[in-house]
Amino acid sequence: GADVTGATGSTLTLAGATLPAPGTHAITVVVSNAGGSVETSPVELVVTTGPAAPVVKPSTAISQTGFTVSWIAVAGAVSYDVEVADTPGFSNVVGYNDLSASLTSLAVTGLGAGETYYHRVIARAADGAVTPSSALAVSTIPGTPVPTGARGIGSTAFTARWDPVKGATWFQVQVTRLAPTPGDPWVYLADNSGRGVAQRITQL
């Protein structure tokens, strides 16, 4: 064995090169004080290693209210936890715990439209050791625009208006006749690349 020193209280943390190999180890704790008194005590140390970190795939089935998380199964995992949060620090977590080890995807629902969420998958071993994946970010689809009525109506033009939509960075205004026949093309297409809530329609 090897001597490990450095404890000044009742706890000594082992990590890296000082961490014994997995298994059960018999160790002896030696306690000394300033007066030179020494006491020894045998202790059984059980070292375990957690499963490998799951590899999370890009999110799929992204909608206004959710998305699907998928990952690659790892050896040694008896269950998985999936955590979803609205901050990268996972301070406000929605957790899906104790998922079957045979499961490699999960549909996350009940989220807000046009929001960015962070998610990670945690592999759990039989002895309780856990290993988290790296966190991934995904943005849900923005909500549906709600028209608020036309303004500035003239003989060949008007201004289309709509409510702000959280998360939207681009709009397209599509105009056709009031009673189009099948196959009629759009009379007017207008791209609005900002977060504006109005678009002037002309040349009608």
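**A three-stranded sheet, a pocket and two unusual loop residues**

In this predicted model, three strands form an open sheet in the order S3-S4-S7, and their pairing is antiparallel. Strand S3 (55-56) and strand S7 (105-108) are the edge strands, each of which pairs on one side only. Strand S4, which covers residues 67-72, runs antiparallel to S7 and is joined to S7 by 4 bridges; within this part of the sheet, Phe-67 stands opposite Val-108 in S7. Strands of a sheet pair through backbone hydrogen bonds, and they may do so in parallel or antiparallel fashion.

The loop between S3 and S4 contains Ala-61, whose phi is positive, at about 50°, although Ala-61 is not a glycine. Such a value deserves a second look, because most residues other than glycine have a negative phi. With a relative accessibility of 58%, above the 50% limit, Ala-61 counts as exposed.

A positive phi, of about 55°, is also found at Phe-90, again a residue that is not a glycine, and Phe-90 lies in the loop between strand S5 (79-85) and strand S6 (93-100). Here the relative accessibility is 9%, and because the limit for burial is 20%, Phe-90 counts as buried. The ring of Phe-90 has the charged end of Arg-120 sitting over it, 3.9 Å from the ring centre.

From these loops we can turn to the second largest pocket, which holds about 360 Å³ of space. Of the 21 residues that line this pocket, Pro-145, Trp-162, Phe-171, Gln-172 and Val-173 are the closest to its centre. Strand S11 (158-161) and strand S12 (171-175) each supply at least two residues of the lining, and the largest share, 5 residues, comes from S12. Sorted by class, the lining of the second largest pocket comprises 14 nonpolar, 6 polar and 1 charged residues.

Two of the residues closest to the centre of that pocket, Trp-162 and Phe-171, also bring their rings together. The count of aromatic pairs comes to 2, and for the pair formed by Trp-162 and Phe-171 the ring centres are 5.3 Å apart while the planes meet at 50°. Since planes under 30 degrees apart would count as stacked and those over 60 as edge-to-face, this angle falls in the remaining class, and the pair is therefore tilted. Trp-162, at 9% relative accessibility, counts as buried, and Phe-171 is likewise buried, with a relative accessible area of 9%.

Definitions and conventions:
Residues are numbered from 1 along each chain as its sequence is written. This is a predicted model: local features need pLDDT of at least 70, side-chain atom pairs count only at pLDDT 80 or more; totals for chains, interfaces and linings use all residues. Side-chain values use heavy atoms; hydrogens and water are left out. On a 1 Å grid over the protein atoms alone, a cavity is a set of points where a 1.4 Å probe fits but cannot get out, and a pocket is an open set with protein on both sides within 12 Å along at least five of seven lines; lining residues have an atom within 4 Å of a point. Grid points are joined across faces, edges and corners, and a volume is the space filled by probe spheres set on the points. Ala, Val, Leu, Ile, Met, Phe, Trp, Tyr, Cys and Pro count as nonpolar, Asp, Glu, Lys and Arg as charged, and the others, Gly among them, as polar. Two strands pair if DSSP finds at least two bridges between them. Rings of Phe, Tyr and Trp (its six-membered ring) pair if their centres lie within 6.5 Å; planes under 30 degrees apart count as stacked, over 60 as edge-to-face and the rest as tilted. Buried means under 20% relative accessible area, exposed over 50%, partly exposed in between (1.4 Å probe, protein chains only). A charge sits over a ring if NZ of Lys or CZ of Arg is within 6 Å of the ring centre and within 35 degrees of the ring normal.
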